[in-house]
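Let's take a walk through this one together. Have the sequence and the fold side by side, and follow along from one element to the next.

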Amino acid sequence: MEVVNILAELYIHKKNVETVFDLLGELENDITKSIAWAFVKCPALLSLVLKNLLGIDTDTQKVNIQYQVYEKDKGITDLEITDNESFYIVIEAKRGWILPEKEQLNKYAEKEEFNNDSIKHKAIVSMSECSEEYAATHLPQIDVPLKHLSWKKICELSEMAMRYSNNSQKIILKELERYIKRIMSTQNKDTNWVYVVSLGKGNVELSDATGEHRRFELTWIDVVKKYNMYFCPIGGTRGSWPREPLNYIAFRYDGKLQSIHHIEGYKIVDELHSYIPEIPYTKMDVKHYLYELGPEIKPIKEVKTGDRIRMNNRVWAQIDTLLTSDTISEAYEISKNRKE
């Protein structure tokens with residue numbers, strides 16, 4: 001029989017499985033398990049990561065890695081890595097440009113290992129898509145040494161680890177790098193786009209099912225600040241709103257960018273009182289997306305609106321441009337030119 005070298009393709013829920021790690025999925029826990037497995041199977045990667053985080057050389061044969069360790073009153077850690085002698089780290093992983101909250105980190109800081117003087121090298125490690133530069137200015141201050149490991153850095157260390165790995169380990173490292181780069185929003189043109197909207201200071205207004213226009217005491221800023229939510233019509237039902245649910249949204253007012261949020265979840269609704277009690281029950285005339293907002297991602301510097309964005313204009317821009325440009329207008333232009 002003639003040997004054919006063209007491989008079959010595997011799809012799970014209509015998504016192409018490109019690497020062995022795709023079999024686990026793309027959720028936060030899936031990514032964590034994938035990276036942990038690579039640490040176990042590729043000692044050169046684990047060694048380089050520990051060197052990067054703690055500045056130490058390690059005998060990886062003595063290292064123990066535990067996934068999702070539960071301890072009463074201290075929560076569940078994503079990863080704990082230690083040699084039970086000289087070092088101990090807790091890794092808290094997040095998906096996207098998100099960092100862990102101070103309350104969560106302080107719980108981990110109470111673990112007895114951080115009070116053990118015989119363990120010289122200790123740290124809590126934030127792991128997410130955020131760059132090391134961004135994390136350095138946005139991670140909270142806690143009593144335990146706090147480090148950050150970006151997905152981009154893991155990819156860089158994976159490439160370095162290939163020099164010290166055998167063929168089977170190199171395959172795993174290449175698969176891991178492909179997996180991470182594919183799900184990184186800064187590498188995926190379909191997911192690193194942010195929808196920038198003007199957040200009015202006025203009161204929320206809605207049209208009910210009879211066409212009557214109703215105005216409420218709650219302001220649009222209240223919806224975001226008090227309820228950590230935002231809602232808008234589903235595209236195609238009214239105006240130029242997006243048809244597909246958003247991945248990131250940003251809010252501007254007072255002439256500048258205020259915050260960027262990852263969309264943690266969404267619902268399609270035709271009334272809001274069940275979710276936002278301050279809005280009286282109103283059957284809306286069209287269905288809306290109701291977004292659950294992730295933690296604020298704030299630019300390090302002031303990003304003004306710019307002269308090309310007027311009034312309530314809504315624009316798309318890539319997340320890295322919003323965090324580095326001087327104006328939203330500039331971020332919009334850079335993003336548009338990249339796409340073209």
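Start with a pair of helices: helix 1 and helix 2 sit roughly perpendicular to each other. They pack at an angle of about 110 degrees, with their axes 5 Å apart, and that angle earns the label because anything from 65 to 115 degrees counts as roughly perpendicular. Keep in mind throughout that this is a predicted model.

Who does the touching here? On the helix 1 side you'll find A38, F39 and K41, and they meet P43, L45, L46 and V49 in helix 2. Sorted by class, the residues of this contact come out as 6 nonpolar and 1 charged, with no polar ones.

Now on to the sheet. It is an open one, built from 5 strands in the order 3-4-5-6-7, with mixed pairing. Strand 3 (64–71) and strand 7 (146–150) are the edges, each pairing on one side only. Ignoring direction, neighbouring strands in this sheet are turned against each other by 30 degrees on average.

Zoom in on strands 4 and 5. Strand 4 covers residues 75–82 and strand 5 covers residues 87–93; the two run antiparallel, and 4 bridges join them. If you want a landmark in that pairing, look for L79, which stands opposite I91 in strand 5. This is also where helix 1 comes back into the story: helix 1 (residues 28–41) packs on the sheet, where it touches strand 3, strand 4, strand 5 and strand 6 (121–128). Its direction makes about 145 degrees with that of strand 3.

Stay on strand 4 a moment longer for T77, which is found there. T77 has a relative accessible area of 0%, so it is buried. Setting aside neighbours within four places in sequence, T77 is in contact with Y67, Q68, V69, V90, Y108 and K111.

The loops on either side of strand 4 make a nice contrast. D73 is found in the loop between strand 3 and strand 4, and N84 is found in the loop between strand 4 and strand 5. Neither is a glycine, yet each has a positive phi: near 70 degrees for D73 and near 65 degrees for N84. What about accessibility? D73 counts as exposed at 58%, and N84 counts as exposed at 59%, because the cut-off for that label is over 50%.

Further along the chain there's a second helix pair to look at. Helix 5 (residues 151–161) and helix 6 (residues 167–183) have axes that come within 9 Å and cross at roughly 160 degrees. The two helices are therefore roughly antiparallel to each other. The crossing of helix 5 past helix 6 is left-handed. From helix 5, the contact uses W151, I154, C155, S158, E159 and A161, which meet L173, L176, E177, I180, K181 and I183 in helix 6. By class, this contact has 8 nonpolar, 1 polar and 3 charged residues.

Last stop: M229, in strand 11 (residues 229–233). M229 has a relative accessible area of 19%, and it counts as buried because the limit is under 20%. Leaving out neighbours within four places in sequence, M229 is in contact with V223, V224, Y275, I276, L290, Y291 and L293. The C-alpha atoms of M229 and G294 are separated by 9.0 Å, with the two residues 65 residues apart along the chain.

Definitions and conventions
Residues numbered from 1 in each chain as written. Predicted model: local features only at pLDDT ≥ 70, side-chain atom pairs only at ≥ 80, totals over all residues. Heavy atoms only, no water. Pairing = 2+ DSSP bridges. Axes fitted to C-alpha atoms, helices over the stretch in contact; angles between N-to-C directions. Contact = heavy atoms within 4.5 Å. Parallel < 35°, antiparallel > 145°, perpendicular 65-115°, else oblique. Left-handed = near helix turned anticlockwise from the far one by under 90°. Nonpolar A, V, L, I, M, F, W, Y, C, P; charged D, E, K, R; others polar. Buried < 20%, exposed > 50% of the residue type's maximum accessible area, 1.4 Å probe, protein only.
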